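Reader: I am new to protein structures, and I would like to learn how one goes about reading a model. Could we work through one together, feature by feature?

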Amino acid sequence: MKFNGSDQYVATDDLMLAVNAAARLQRPLLVKGEPGTGKTMLAEEVARALGLPLLQWHIKSTTKAQQGLYEYDAVSRLRDSQLADPDSAARVRDIRNYIVQGVLWQAFTAEQPVALLIDEIDKADIEFPNDLLRELDRMEFHVYETRELVRARHRPLVFITSNNEKELPDAFLRRCFFHYIQFPDAATMQAIVGVHFPNLKKELLSAALKRFYDIRNLPGLKKKPSTSELLDWLKLLVAEDIPLEVLQSKDDKVSVPPLVGALLKNEQDVSLFEKLVFMQRQGR
């Protein structure tokens, strides 16, 4: 299997190289980058391009590693044991009826190779990555309630995303192939926009991209607008039929663009932006 990009995802050469290197090494691909740069979509598009089913495990702050393997529903078993009917009694005798398979179990026992996405691993507590070391390394785990060993039939193609909210342990990093998705330059961004808006007028796209990068390059922004926010903004510009002249600033000075709320997402950045525009108007 080799990933050569797709018609719905603009992958740079180094990103395609990273995907194929991780597959060759049979190691998880750890992908970092700014939020909104397409980390999750990468796994979706690689799976689609390679014809692999995709299993997704979206991590939350409360997620435990054990949930990815399996969970034992002791409460349901206790409830069934209190019922008098024969069916419940027969069900209670087999503990397997109360084992709920997690995403890793499903990936390990799939009849064909699959892609597995562990999304935003840095949201969980610091012990979460370490708790998965053995399972991701050896592709097996023990079910202690049934005393069975679950071993992967086929090694899944594993994608792990992180927004750098927490540092990941060195032991975990050692077992991954790492790639950082750089924010797209103007040419790459133009190709990305072309995938989503193939009929967008070149003049409008050029003016919108200039305004977008002007905003991103402002010093002091708390949250710079991302690729996904640019796409949302362009969608609104097209829907509202914003004229080209509104996007073109005079004398190359920064001005507040229409529908700026799609790009700037907190009051601190909006205030900073408006202050800069005011100072320019005052000639400072």
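Author: We will go from the sheet to its helices, then to the cores, and finally to the charged side chains. Please keep in mind throughout that this is a predicted model.

Reader: Let me begin with the sheet, then: in what order do the strands stand, and is the pairing parallel or antiparallel?

Author: To read a sheet, one lists its strands in the order in which they lie side by side, and then asks how neighbours run. Here five strands form an open sheet in the order β2-β5-β8-β1-β9, and the pairing is parallel. The edges are held by β2 (54-58) and β9 (177-181), each of which has a single partner strand, so one side of each is left without a neighbour in the sheet. From one strand to the next, the twist averages 20 degrees.

Reader: How many bridges join β5 to β8, and which residue is the bridge partner of L116?

Author: Strand β5 (residues 115-119) and strand β8 (residues 157-162) run parallel and are joined by four bridges, and L116 has V158 as its bridge partner in β8. On the β2 side, β5 pairs with β2 over five bridges, again in the parallel sense, and there W57 has I118 in β5 as its bridge partner.

Reader: Which helices should I look for against this sheet?

Author: One asks which strands a helix touches, and then at what angle it runs to one of them. Helix α1 (residues 13-25) lies across β1 (29-33), β8 and β9, and its direction is at about 165 degrees to β9. Helix α2 (residues 39-50) also packs on the sheet, where it touches β1, β2, β5, β8 and β9, and it makes an angle of about 165 degrees with the direction of β8.

Reader: Is β5 mostly covered or mostly open to the outside?

Author: For a strand, it helps to take the two faces in turn. In β5, five of its five residues are buried: A115, L117 and D119 are on one side, while L116 and I118 are on the other.

Reader: Which residues touch the most other members of the largest nonpolar core?

Author: A core is best read by finding its best-connected members and then the elements that supply them. The largest nonpolar core has 32 residues, and those touching the most other members are W57, L104, I118, F128, F141, I160 and F172. Two or more residues each come from α3 (65-69), α6 (103-109), β5, α8 (133-138), β6 (140-143) and β8, and α6 gives the most, with five residues. A separate core of 29 residues lies apart from this one, and M189, L204, A208 and V277 are among its members.

Reader: What does F128 touch, once its close neighbours in sequence are set aside?

Author: Leaving out residues within four places in sequence, F128 is in contact with W57, I59, T63, K64, A65 and I121.

Reader: Now for the charges: how many salt bridges does the structure hold, and where does the pair K64 and D125 sit?

Author: Side chains of opposite charge can pair when their charged atoms come close. The structure holds 13 salt bridges, and one of them joins the side chains of K64 and D125 at 3.1 Å, N to O. K64 lies in the loop between β2 and α3, and D125 in the loop between β5 and α7 (127-131), so the pair ties together parts that are 61 residues apart in sequence. K64 is partly exposed at 45% relative accessibility, and D125 is partly exposed at 27%.

Reader: How far apart in sequence are R91 and D80, and how far apart are D214 and K210?

Author: R91 and D80 form a salt bridge whose closest N and O atoms are 3.4 Å apart; R91 is in helix α5 (residues 86-93) and D80 in helix α4 (residues 74-81), 11 residues apart. R91 is partly exposed, at 37% relative accessible area, whereas D80 is buried, at 11%. D214 and K210 also meet in a salt bridge, at 3.1 Å from N to O, but these two are four residues apart in helix α11 (residues 202-216), about one helical turn. A network of salt bridges links D7, E45 and R48.

Reader: Which side chain of opposite charge is nearest to E135?

Author: E135, in helix α8, is buried yet has no salt bridge, and the nearest side chain of opposite charge is R134, 5.4 Å away. Beyond four places in sequence, E135 touches L69, L104, F108, E140 and F141.

Conventions: Residues numbered from 1 in each chain as written. Predicted model: local features only at pLDDT ≥ 70, side-chain atom pairs only at ≥ 80, totals over all residues. Heavy atoms only, no water. Pairing = 2+ DSSP bridges. Axes fitted to C-alpha atoms, helices over the stretch in contact; angles between N-to-C directions. Contact = heavy atoms within 4.5 Å. Core = buried A, V, L, I, M, F, W, Y, C linked by side-chain atoms within 4.5 Å. Buried < 20%, exposed > 50% of the residue type's maximum accessible area, 1.4 Å probe, protein only. Lys, Arg positive; Asp, Glu negative; His and termini not counted. Salt bridge = Lys/Arg side-chain N within 4 Å of Asp/Glu carboxyl O.
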